[in-house]
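Here are some exercises to work through with the model open beside you. Try each one before reading its solution.

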Amino acid sequence: MELSADRRAQLFDAGASALRFNAPMSDDRAAQLIDELRRHEPRAVVDLGCGRGELARLVATRLTNATVIGVDTDAAAITAARRLAVASGLGRRIQYEVADAATWTGSVDAAMCVGASHAFGGPAGLFSRLADLVSTGAAVVGDGFWETDPDPWCSAAFGELPRGVDGLAALAEAAGWAVVAADQSTQDEWDTFEETWVSGVRSIGTAAADAFAEQRERQYRDRYRTVLGFAWLVVTR
Ligand SMILES: C[S@@+](CC[C@H](N)C(=O)[O-])C[C@H]1O[C@@H](n2cnc3c(N)ncnc32)[C@H](O)[C@@H]1O
């Protein structure tokens with residue numbers, strides 16, 4: 001199916017809009033990751049590639065002494081994030097910026113990056129940049145990895161990824177981080193993520209959107225389910 005870049009972006013936006021987090025992440029996992037961050041008593045937290053800023057809002061809600069900054073290149077997502085922060089009464093402790101995460105600088109003692117390592121050229125670049133930003137503190141990273149050897153279709157679709165959660169952890173350690181917690185999304189988190197994303201695409205209500213949703217369902221079922229994993233690391237330095 002040949003789609004223009006604009007049309008494709010519209011379909012991806014509809015998929016993302018149906019989700020709370022644009023990653024295979026349950027509400028429980030988000031809460032657990034923030035509880036891990038809490039141990040390090042961060043005062044200023046940045047979420048790089050924050051999308052509509054839901055995780056940043058949750059951090060501000062659960063870590064009441066912290067200020068939070070969300071950064072994303074998607075101006076529409078940042079506009080929505082700002083509106084939602086004000087509506088939740090969190091406007092004074094959250095700032096959202098339209099900026100390239102790869103070059104963003106600021107004074108923080110904790111950082112998060114979920115599903116946006118491509119902004120840094122991949123996970124090695126991400127961990128290195130996080131080390132530049134956080135001299136002493138913690139980071140939460142959610143990112144892809146291969147659970148089993150990818151076929152050429154998967155490699156072309158998702159690019160070069162580390163093998164296993166351990167492979168991602170090794171990249172964090174190589175950048176000077178100590179891995180204090182490591183896990184991966186459950187099959188239920190993955191299936192819920194994919195089903196919800198596809199339901200968002202279908203909500204557009206056109207034949208083209210339905211066809212795109214069906215194609216994605218097939219690809220997930222036949223190509224990358226149980227091949228592509230999503231890892232969760234909490235790292236400190
Ligand atoms: C898969 S989404 C994840 C969003 C969010 N972290 C979440 O979990 O809901 C990836 C996000 O990275 C953002 N992004 C991509 N390249 C970026 C860059 N260079 N700088 C900042 N954000 C970027 C996209 O706009 C998108 O919102």
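**Exercise 1.** Find which residue in E4 Val 46 stands opposite, and describe the pairing of E1 and E4.

*Solution.* Start at Val 46: the residue opposite is Ala 111 in E4. Next, widen the view: strand E1 (residues 44-48) and strand E4 (residues 110-114) run parallel and share three bridges. Strands here are DSSP runs of E with at least two residues, and helices are runs of H or I with at least four, numbered from the N terminus. Two strands pair if DSSP finds at least two bridges between them. Finally, add helix H3 (residues 54-62), which packs on the sheet and touches E1, E2, E3 and E4; contact means C-beta atoms, placed from the backbone, within 7 Å. The direction of H3 makes about 175 degrees with that of E2, where axes are lines fitted to C-alpha atoms (for helices over the stretch in contact) and angles run from 0 to 180 degrees between N-to-C directions.

A word on the source: this is a predicted model, in which local features need pLDDT of at least 70 and side-chain atom pairs count only at pLDDT 80 or more, while totals for chains, interfaces and linings use all residues. Residues are numbered from 1 along each chain as its sequence is written.

**Exercise 2.** Work out the strand order of the open sheet and explain why E3 and E6 each have one side without a neighbour.

*Solution.* Reading across, the seven strands come as E3-E2-E1-E4-E5-E7-E6, with mixed pairing. E3 and strand E6 (178-184) stand at the edges with a single partner strand each, so one side of each has no neighbour in the sheet. From one strand to the next, the twist averages 20 degrees.

**Exercise 3.** Identify the partner of Ile 69 in E3.

*Solution.* The bridge partner is Gln 95. Around this pair, strand E2 (residues 67-72) and strand E3 (residues 94-98) are parallel over five bridges.

Technical notes. Two residues are in contact if their C-beta atoms, placed from the backbone, lie within 7 Å.
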